[in-house]
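Reader: I should like to understand how the descriptive terms applied to a structure are justified. May we go through some of them one at a time?

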Amino acid sequence: MRFAFKTAYEHDLGLFRDPVQRAWYAALLAGVILVPLAVPAYLSDISLVFIYGLCGLSLMVLAGYTGLVSLGHAAFLGIGAYAHVYFAQDLGLPWIVAVALASVLAAASGVLVGLPALRMTGVYLTIATLAFALIIQEVFTRWDHVTHGLKGRPVDKPVIFGVSFASDWAFYFLCLAVLIAALWLTANLLRSPTGRAWVAIRDSEIAAQSMGVHLARYKTLAFAYSAGLMGAAGALFSHKIGFLAPDIFTVLLSIQFLLMVVVGGLGSLHGALYGAVFVALLPVLISEARDLVPAWAGHAAAVLGKSVGDAVYLSLDRFVKQPGLEPGIFGLILVLFILFEPLGIYGRWRKIWLYFSTFPLYKAATFRRQKTYMRSERLR
Amino acid sequence: MTLFAADELVVNFGGIRAVDGVSFQVEAGQVFTIIGPNGAGKTTIFNLISRIYDPTSGRLLFRDEDITRVPPHEIARRGIARTFQNIELFEHATVLQNLLLGRHAHAQRRFAQELLFLPAVRARERAHREAAEKVIDFLDLQAYRDSFVVNLPYGVRKVVEMGRALCTEPALLLLDEPSSGLSVEETADMAFWIQDIRTLLGITVLMVEHDMSLVSAVSDRVLALNYGRVLASGSARDVQEHPEVIKAYLGG
């Protein structure tokens, strides 16, 4: 196991633990920059991973760091997307300005949701955000003037300072740049008093308050920041899908965002990104599985005879073509993670890493959660 | 000089009068202890002082200012810090992060600066870190600096929680049962720390405590409560020998 040898307080203020870690991140960045050369066909899919990464980051701040679970984040994404398209295409504002305004508008609506949410905790808050998302979806449907209602509206390719980002690889780097900027800003907040206040609210509101944390201010701030990030993600998302319609920003999308942060690992920026990769890849895997059904049935027929092969084909075919398959699998995975790996993919990765770095001294109990003592959260 | 005073405090929870006309004065530099059987209203008084509850009537005075209607997050900024009976640390954070949160009362609200982590933020963070390190040195927490609170034994958590309260640089420190859940040795250490906090840091201590050895060792003044009323007050020995107090504990 490597220990960082710290000789100045500065070492704890940096973004990276030590030069080795910084080198690893630099290598990762180089890898991501070289991806377009390696797999040009998948650039568009990977751009979606980056956009989902932004969404995951947004919800991670709120759910993972502040402990406020939202089931309405698709609404903020939608607000960002529609606002961006409205500002850029109807008002003809420059791209950067349109994104900034969309982000600010989403943040403002986040404050709007956050204010009543201050009096609610836990599942009640989640239901309030869900209600908000449903209302917003209705607004998207009815507000013809801006959203063009159910007809939907096409989105132009992004043009920034006269440079077109229409090609897949240009858009890839645009998304990557925004994601890295958002990661940097969020990491900055998390190492500042604001981030500590958020974590404090998550772990014990009553203690946070006694240490001088203004609960209402920091909860609203978390909502606003999270929604603002979501708004920026929405702007990119609108270009990615190229066509906006109200039925894109459904509750299912909100559930996917929640799935991202839980599966990735609550309370870590890495987790948001792992979750984004996972959620973006899962539909691809499911559709791959769909295509493979005849092949599997063929194998079964070859080994077990034609009648078994046909039966296998029919049942598999019916299974993979079930209308609710995707949300069903998402839900199942969410339940399995909560049951077996509440720390998510990032938690699993930490365990594996610790196992090898402390081998053969790893204690299985390192991550076991102790029963906590009765908490005065009951006071409230 | 009177640092803190409670004036005729009354709290009703529905039909129950949890605190019934309690008044007391804490002099600056004292260790003032509140004792009493379970349900006497000791922790309720703490929750009144940290403004988690609103009193039905009565006043709280701190440094001659009325703090009865001050919002709870203002209390730390005014110079009152507290610990909790059952430990309310931020468990999924390290000891250092917990202590740094104790500095929140001294944090400036500069969202845009923090977003970009400008040099000013960096300088302030370094100052907070220095303040937290002083507390780490004071309480001998060096070995636990980077440990997560979830992984720490109960006794250490108790000290960390006290450290977090000290990080706010309070004038008045409220300790809610500092010895509960501690071993005999840890309780003895706690007594030394409370004395050091008073004499070395010059912080006035108001505590709720059951362990009479700790109470006698550190208290300058003791107040006994039962059913929300003051039974007796005075030196530890006087209160312990007071017939009403003996009756409240032993019955009869």
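Author: In this predicted model, E8(B) lies in strand β1 of chain B, which covers residues 2-13. The phi angle of E8(B) is positive, about 50 degrees, although the residue is not a glycine.

Reader: Why is E8(B) called partly exposed?

Author: E8(B) has 13 C-beta neighbours inside 10 Å. A residue is buried with 20 or more such neighbours and exposed with 12 or fewer. The count of 13 falls in between, so E8(B) is partly exposed.

Reader: What makes I87(B) count as buried?

Author: I87(B) has 23 C-beta neighbours inside 10 Å. The cut-off for a buried residue is 20 or more, therefore I87(B) counts as buried. I87(B) is placed in the loop between β6 (80-82) and α3 (95-102) of chain B. Its phi is positive as well, at about 60 degrees, and I87(B) is not a glycine.

Reader: How do you know that chain B is as compact as a globular protein of that length?

Author: Chain B comprises 10 helices and 10 strands. Its radius of gyration is 19 Å, and the globule rule gives 18 Å for 252 residues; the two values are close, so chain B is as compact as a globular protein of that length. Of these 252 residues, 44% count as buried.

Reader: Why is the peptide bond from F359(A) to P360(A) called cis?

Author: The omega angle of that bond is near 0 degrees, and the bond is cis. P360(A) lies in the segment that follows α16 (344-357) of chain A.

Key. Residues are numbered from 1 along each chain as its sequence is written. Chains are lettered from A and ligands numbered from 1 in the order in which they are written. This is a predicted model: local features need pLDDT of at least 70, side-chain atom pairs count only at pLDDT 80 or more; totals for chains, interfaces and linings use all residues. Helices (H or I, at least four residues) and strands (E, at least two) are DSSP runs, numbered from the N terminus. The radius of gyration is taken over C-alpha atoms; the globule rule is 2.2 Å times the number of residues to the power 0.38.
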